[in-house]
Amino acid sequence: MSFRPPKGTDDIGAPESNRWRDILRQWDTWADRFGYPLVMTPIFESTDLFERGVGEDTEVVTKQMYTFTDRGGRSLTLRPEGTAGVVRAFLDSGARGAWKGAYSGPMFRHERPQAGRRRQFWQLGVEYLDVEGPAADAEVIELGYRFLSAVDVPGLKVVVNSLGDTVCRPGYMTTLGSYLEERREMLCDDSLALIDVNPLRILDCTVCAPVLADAPAMKDHLCEPCAGHYGLVKKSLDGLSIPFEEDARLVRGLDYYTRTAFEYIATQLDAAQNAVGGGGRYDGLAESIGGRRAPGVGFALGVDRIVLASGKDAGSQADVYLVSETGPENALIAASGLRLAGLSVDFDTEGRRVEAQFKSASRTGARALVVLKGDGDEVDVRIGGEREQMGLDAVPEWLGDRL
Ligand code: AMP
């Protein structure tokens, strides 16, 4: 029996998981600050939802879904992304008018595994539905930017583009299609396969980059309302002092985007997996899964990539390690008191020698030490270079100022 997890998946434990916890906590704080309540949808959905919602000819749907038939004969799929499920849940709820939801959880895609590309990976995301104004797009982009900055993604860059809408995009696709058609012999096989299906998706092919350098850009073919919308999104980002770049070749892999598309790039990661997140506006998605018209905008961020990019010290599990000269039963009672007072505390339950307990303390990286002495209620508290004797009851307040 092998104990390895399935290919493309990982077990994540301490100390790396301390970093994950920190990121997930900060996510809750920021989503809350921007007014996004938690929305939880099933990890599997009807296969049909993703075929219609993500796009039947997208790579995600054609090559990457974990699809199975359940005992009732239904075709179900482990969710490859979060948006389609959240939009379905929104439609099912019957809600009307501006609606916000934030999600956090595992997604599944059968990809070729490599660093930052896993078969089970964790996304954080928001969806803002039944809203059309460019301020909504800017608010969503801002939330992702503030959060990623708060969790210290270094070299963070926001890249934006507009993909137009059903009015201006078809014309642009024809123009782009003829440009590519004329250069057929210079395109890679993957791009050739897309030329009649969706030439837009050829734009981000790295192999074909030289052919694409002079390709017509969507932003020069936007209809007036789309151009106005895009202009206001950029103006708002300026107003929020969010640095961004425009990239005419940013198209995103999923079919449902209209108008604004954006990505968050960690410039210090390899180009193949330097997108820590991305999103955009998807005004036609609700209808494409059979619902009413409900324009919306959202993003998804990849936690695996955030962890990879930030490479920050994973931190420690507990703030305080309690060393006991008087046995684990006393330590248990003392730790309980400190925990109830709000400190995070760890100690040795096995009654090992004091020296062994000190070793455990330094291994855990706890920032403070509390030593329970053999002679009564006084404890010895150490943090940084400071050391002080006090009663156990005084410890939470004294340490609270220093942790
Ligand atoms: P997408 O849903 O494809 O727009 O991806 C949004 C973000 O999720 C990406 O920018 C990545 O950070 C992350 N992501 C997508 N696919 C994977 C994967 N297979 N492994 C790890 N992270 C991923």
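Leaving aside its neighbours within four places in sequence, which residues is Asn274 in contact with? In this predicted model, the partners of Asn274 are Tyr264, Ile265, Ala266 and Leu269. Asn274 itself sits in the loop that runs between strand E8 (258–266) and strand E9 (275–281). With a relative accessibility of 15%, Asn274 falls under the 20% cut-off and therefore counts as buried.

**The protein as a whole**

Let us step back for the overall picture. The protein holds 14 helices and 15 strands. Measured out along the principal axes, a box of roughly 85 × 55 × 45 Å takes in the C-alpha atoms. To put that better, the box is a computed one, taken along the principal axes. Of the 403 residues in the protein, 50% are buried. Among contacts with a separation of 6 or more, 70% join residues that are 24 or more positions apart.

The exposed surface comes to about 19,500 Å², and 49% of that area is supplied by carbon and sulfur atoms. As for charge, the protein carries 46 positive and 61 negative charges, and the mean positions of the two sets are 2 Å apart.

**How two helices pack**

Two packed helices are described by the angle between their axes and the distance between the axes. Here, helix H1 (residues 16–33) packs with helix H5 (residues 134–150) at an angle of about 145°, and their axes are 10 Å apart. The crossing of H1 past H5 is right-handed. On the H1 side, the contact is made by Ile23, Gln26, Trp27, Trp30 and Ala31, while H5 brings Leu143, Arg146, Phe147 and Ala150.

**Backbone features to look at**

Most residues other than glycine have a negative phi, and most peptide bonds are trans. A cis peptide bond runs from Ala14 to Pro15, with omega near 5°. Pro15 belongs to the segment before H1, the helix that packs with H5.

Where in the fold does Asp152 lie? Asp152 is placed in the loop between H5 and strand E6 (156–162). Its phi is near 65°, a positive value in a residue that is not glycine. Asp152 has a relative accessible area of 39%, so it is partly exposed.

Ser241 also deserves a look: its phi is positive, about 55°, although this residue is not a glycine. You will find Ser241 in the loop between helix H9 (224–239) and strand E7 (244–246). Is Ser241 buried or exposed? Its relative accessible area of 59% is over the 50% cut-off, so Ser241 is exposed.

**Three residues and their surroundings**

The next table gives three pairs, each with its separation along the chain and in space.

| Pair | Separation in sequence | C-alpha to C-alpha distance |
|---|---|---|
| Arg184 and Gly278 | 94 residues | 30 Å |
| Ala84 and Glu51 | 33 residues | 9.8 Å |
| Arg119 and Thr9 | 110 residues | 5.8 Å |

Start with Arg184, which is found in the loop between helix H6 (169–181) and helix H7 (189–194). Its relative accessibility of 34% is between the 20% and 50% cut-offs, so Arg184 counts as partly exposed. With neighbours up to four places away in sequence set aside, Arg184 is in contact with Leu192 and Ile195.

Ala84 belongs to helix H4 (residues 83–93). Because its relative accessible area is 0%, Ala84 is buried. Which residues does Ala84 touch, not counting residues up to four places away in sequence? They are Leu49, Phe50 and Ile289.

Arg119 is placed in the loop between strand E4 (99–108) and strand E5 (120–129). Why does Arg119 count as buried? Its relative accessibility is 11%, which is under the 20% cut-off, so Arg119 counts as buried. Not counting residues up to four places away in sequence, Arg119 touches Lys7, Gly8, Tyr66, Met107, Phe108, Arg109, His110, Glu111 and Pro113. Thr9, its partner in the table, is 110 residues away in sequence, with 5.8 Å between the C-alpha atoms.

Conventions. Residues are numbered from 1 along each chain as its sequence is written. This is a predicted model: local features need pLDDT of at least 70, side-chain atom pairs count only at pLDDT 80 or more; totals for chains, interfaces and linings use all residues. Side-chain values use heavy atoms; hydrogens and water are left out. Helices (H or I, at least four residues) and strands (E, at least two) are DSSP runs, numbered from the N terminus. Buried means under 20% relative accessible area, exposed over 50%, partly exposed in between (1.4 Å probe, protein chains only). Contact means heavy atoms within 4.5 Å. Accessible areas come from the Shrake-Rupley method with a 1.4 Å probe; for residues, only the protein chains shown count as cover. Lys and Arg count as positive and Asp and Glu as negative; His and the chain ends are not counted. The place of a charge is taken as NZ of Lys, CZ of Arg, CG of Asp or CD of Glu. Axes are lines fitted to C-alpha atoms, for helices over the stretch in contact, and angles run from 0 to 180 degrees between N-to-C directions. A crossing is left-handed if the near helix is turned anticlockwise from the far one by less than a right angle, and right-handed if clockwise.
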